[in-house]
Amino acid sequence: MTRPTESLPPDYFDGIYAGNPDPWGFTTSAYEAAKYDATLAALSRDTYGEALEVGCSIGVLTRRLAERCTRLLSLDVAETAIAAARARCADSPHVAFLHAAVPDAWPPGRFDLILVSEVLYFFTRADLARLAGHMVQAVKPGADIVLVHWIGETNYPLSGDDAVEALIAGTAGTLEPYRQTRTDRYRLDVLRTIGATP
């Protein structure tokens, strides 16, 4: 298998959503629902003051995550997806949305929680290093960084395992794995600032 040598561009995702408004079955898949349950169960706090979701897609997980956040900023590279997420969370005024392509665009501020679900394998190692640099600067002391990624075969720049391990390596010295679990289909990693109390 020949993998792409560059991070997947915004128009790749625009094309996917143009063909299917829910291309990964987020609204219908029992697998996705169970994975969302596990993701939320991995959060160490009942409520996070400032949270960032990177890659919110159509906002199915965003809506559930919003219940655990005082303020939540969710971003995605696909404008169609952002519009759907905004509509899904219209009754949650504490949730804001941003159409942005990381790592080139990164929002200002510092966060108690950064959630990155099913997006890291879309990037090259070089762009993951840049993303890791942004995260290191954006975390508050004791922040949680939650990574959830498919570990099966992909035709993206990296596999799920390689992408997550690259991100972890890129944040070493500031963040460290706090909890790591695997199923036969995905891995869930929680990183935390070094020295933070459990």
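In this predicted model, the charged end of Arg-192 lies over the ring of Tyr-178, at 3.8 Å from the ring centre. A second arrangement of this kind involves Arg-185, whose charged end is placed over the ring of Tyr-31, 3.9 Å from its centre.

**Aromatic pairs**

Ring-to-ring contacts accompany these charge-over-ring arrangements. The count of aromatic pairs comes to 9. One of them joins Tyr-121 and Phe-122: the ring centres are 5.0 Å apart and the planes meet at 85°, so the pair is edge-to-face, given that planes over 60 degrees apart fall in that class. Both residues of this pair, Tyr-121 and Phe-122, are buried. They also belong to one aromatic cluster, together with Tyr-12, Phe-13 and Tyr-156.

**Cysteines**

How many disulfides does the structure hold? The number is 0. Cys-56 takes part in no disulfide, and the nearest cysteine sulfur to its own, that of Cys-89, is 8.0 Å away. Cys-89 is likewise in no disulfide, with the sulfur of Cys-56 as its nearest cysteine sulfur at 8.0 Å. Because a disulfide requires sulfur atoms within 2.5 Å, a separation of 8.0 Å leaves Cys-56 outside any such bond. Are these two cysteines buried or exposed? Cys-56 has a relative accessible area of 5% and is therefore buried; Cys-89, at 2%, is buried as well.

**Buried positions compared by value**

The table gathers relative accessible areas for four residues.

| Residue | Relative accessible area | Class |
|---|---|---|
| Cys-56 | 5% | buried |
| Cys-89 | 2% | buried |
| Ala-100 | 10% | buried |
| Ser-117 | 12% | buried |

The cut-off behind this class is a relative accessible area under 20%.

**Ala-100 and Ser-117**

Where is Ala-100 found? Its place is the loop between strand S3 (95-99) and S4. With a relative accessible area of 10%, Ala-100 is buried. Apart from neighbours within four places in sequence, Ala-100 is in contact with Leu-75, Asp-76, Val-77 and Ala-105. The C-alpha atom of Ala-100 is separated by 9.2 Å from that of Pro-10, although the two residues are 90 residues apart along the chain.

Ser-117 lies in strand S4, which covers residues 111-117. Its relative accessibility of 12% is under the 20% limit, so Ser-117 counts as buried. Which residues does Ser-117 touch, not counting those up to four places away in sequence? They are Val-54, Gly-55, Val-148 and His-149.

**The chain as a whole**

The protein chain contains 6 helices and 7 strands. Read from the N terminus, its elements follow the order α-α-β-α-β-α-β-β-α-β-α-β-β. Among contacts between residues at least 6 apart in sequence, 67% join residues at least 24 apart.

For 198 residues, a compact globule would have a radius of gyration near 16 Å; the protein chain has 16 Å, so the value agrees with that expectation. Taken along the principal axes, the C-alpha atoms fill a box of roughly 45 × 45 × 35 Å. Of the 198 residues, 49% are buried. The accessible surface of the protein chain amounts to about 9000 Å², and carbon and sulfur atoms account for 52% of this surface.

Methods:
Residues numbered from 1 in each chain as written. Predicted model: local features only at pLDDT ≥ 70, side-chain atom pairs only at ≥ 80, totals over all residues. Heavy atoms only, no water. Phe/Tyr/Trp six-rings, centres within 6.5 Å; stacked < 30°, edge-to-face > 60°. Buried < 20%, exposed > 50% of the residue type's maximum accessible area, 1.4 Å probe, protein only. Lys NZ or Arg CZ within 6 Å of the ring centre and 35° of its normal. Helix = DSSP H or I, 4+ residues; strand = E, 2+ residues; numbered from the N terminus. Rg over C-alpha atoms; globule rule 2.2 N^0.38 Å. Contact = heavy atoms within 4.5 Å. Areas by Shrake-Rupley, 256 points an atom, 1.4 Å probe, with all protein chains shown as cover.
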